Amino acid sequence: VQLQASGGGVVQAGGSLRLACAASGKIASMHLMGWYHQAPGKQRELVATMSSSGTTNYADSAKGRFTISRDNAKNTAYLQMNGLKPEDTAVYFCYVETMLLGGVRPFPQWGRGTQVTVSS
């Protein structure tokens with residue numbers, strides 16, 4: 001499975017960005033999809049996840065500002081980030097659990113990160 005992340009960039013505080021993560025390959029179905037971020041010198045942390053049934057989970061720092069969504073027909077997850085703050089600056093990683101064709105359990109996978117920089 002190939003994961004293609006896009007949408008990172010540089011934005012001023014208070015601005016918005018929309019990240020996208022598209023999965024391609026021999027996919028039977030997508031299970032959990034989500035986003036994590038990692039700031040310099042820090043561990044990778046949860047931002048938001050969404051299950052195949054639509055259940056969401058957000059980090060406290062993301063609640064009220066970020067919205068995760070997914071398009072199952074396109075095997076794509078999105079993260080709409082509004083009201084960005086300098087402390088949101090990090091590399092954002094897509095995470096998916098994919099049921100491959102012929103697979104017996106979901107296969108977890110990380111995408112390449114995309115840099116988000118929020119200037120004050």
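T98 is found in strand 9 of this predicted model, and it makes a good place to begin a tour. At 0% relative accessibility, T98 counts as buried, because anything under 20% falls in that class. What does T98 touch, once its neighbours within four places in sequence are left aside? The contacts are V1, I27, S29, M30, R105, P106 and F107. The list includes V1, the residue that opens the numbering, and it also includes R105, which we can follow next.

R105 is found in the loop between strand 9 and strand 10, the latter covering residues 107-110. Is R105 buried or exposed? Its relative accessible area is 62%, so R105 is exposed. Setting aside neighbours within four places in sequence, R105 is in contact with T98 and M99. So the contact with T98 appears again, seen this time from the loop. To get a feeling for distance, look from R105 across to S61: the two are 44 residues apart in sequence, and their C-alpha atoms are 31 Å apart in space.

Now let us step back to the chain as a whole. How many helices and strands does the chain have? There are zero helices and eleven strands. Reading along the sequence therefore gives β-β-β-β-β-β-β-β-β-β-β, where each β stands for a strand. The C-alpha trace spans about 50 × 25 × 25 Å along its principal axes. For a chain of 120 residues, a compact globule would have a radius of gyration near 14 Å, and the chain agrees because its own value is 14 Å.

Of the 120 residues, 42% are buried. The chain exposes about 6500 Å², and carbon and sulfur atoms supply 49% of that area. As for charge, there are 11 positive and 6 negative side chains, and the centres of these two sets lie 8 Å apart. Contacts also reach along the sequence: among those with a separation of 6 or more, 52% are accounted for by residues 24 or more positions apart.

Strand 9 has another feature to show us. How many disulfides does a search of the whole structure find? The search finds one, and it joins C21 to C94, with 2.0 Å from S to S. C21 lies in strand 3 (residues 17-24) and C94 in strand 9 (residues 90-100), so the pair ties together parts that are 73 residues apart in sequence. The angle about the S-S bond is -80°, and the link of C21 and C94 is left-handed. Both C21 and C94 are buried.

C21 leads us on to T76, a residue of strand 8. T76 has 7% relative accessibility, so it counts as buried. Apart from neighbours within four places in sequence, T76 is in contact with A20, C21, A22, M33, S69, R70 and D71. One half of the disulfide, C21, is thus among the contacts of T76. T76 and Q4 are 72 residues apart in sequence, while their C-alpha atoms are 9.2 Å apart in space.

Just before T76 comes N75, in the loop between strand 7 (66-71) and strand 8 (76-81). What is the phi of N75? It is near 50°, a positive value in a residue other than glycine. Most residues other than glycine have a negative phi.

Two more loop residues round off the walk. S53 lies in the loop between strand 5 (45-50) and strand 6 (56-58). With a relative accessible area of 64%, S53 is exposed. S53 and L32 are 21 residues apart along the chain, and 9.1 Å separates their C-alpha atoms.

T89 lies in the loop between strand 8 and strand 9. Its relative accessible area is 22%, and T89 is partly exposed because the range for that class runs between 20% and 50%. Which residues does T89 touch, not counting those up to four places away in sequence? They are A39, Q115, V116, T117 and V118. From T89 to Y36, 53 residues apart in sequence, the C-alpha atoms are 12 Å apart in space.

Methods. Residues numbered from 1 in each chain as written. Predicted model: local features only at pLDDT ≥ 70, side-chain atom pairs only at ≥ 80, totals over all residues. Heavy atoms only, no water. Helix = DSSP H or I, 4+ residues; strand = E, 2+ residues; numbered from the N terminus. Rg over C-alpha atoms; globule rule 2.2 N^0.38 Å. Buried < 20%, exposed > 50% of the residue type's maximum accessible area, 1.4 Å probe, protein only. Contact = heavy atoms within 4.5 Å. Areas by Shrake-Rupley, 256 points an atom, 1.4 Å probe, with all protein chains shown as cover. Lys, Arg positive; Asp, Glu negative; His and termini not counted. Charge placed at Lys NZ, Arg CZ, Asp CG, Glu CD. Disulfide = S-S within 2.5 Å.
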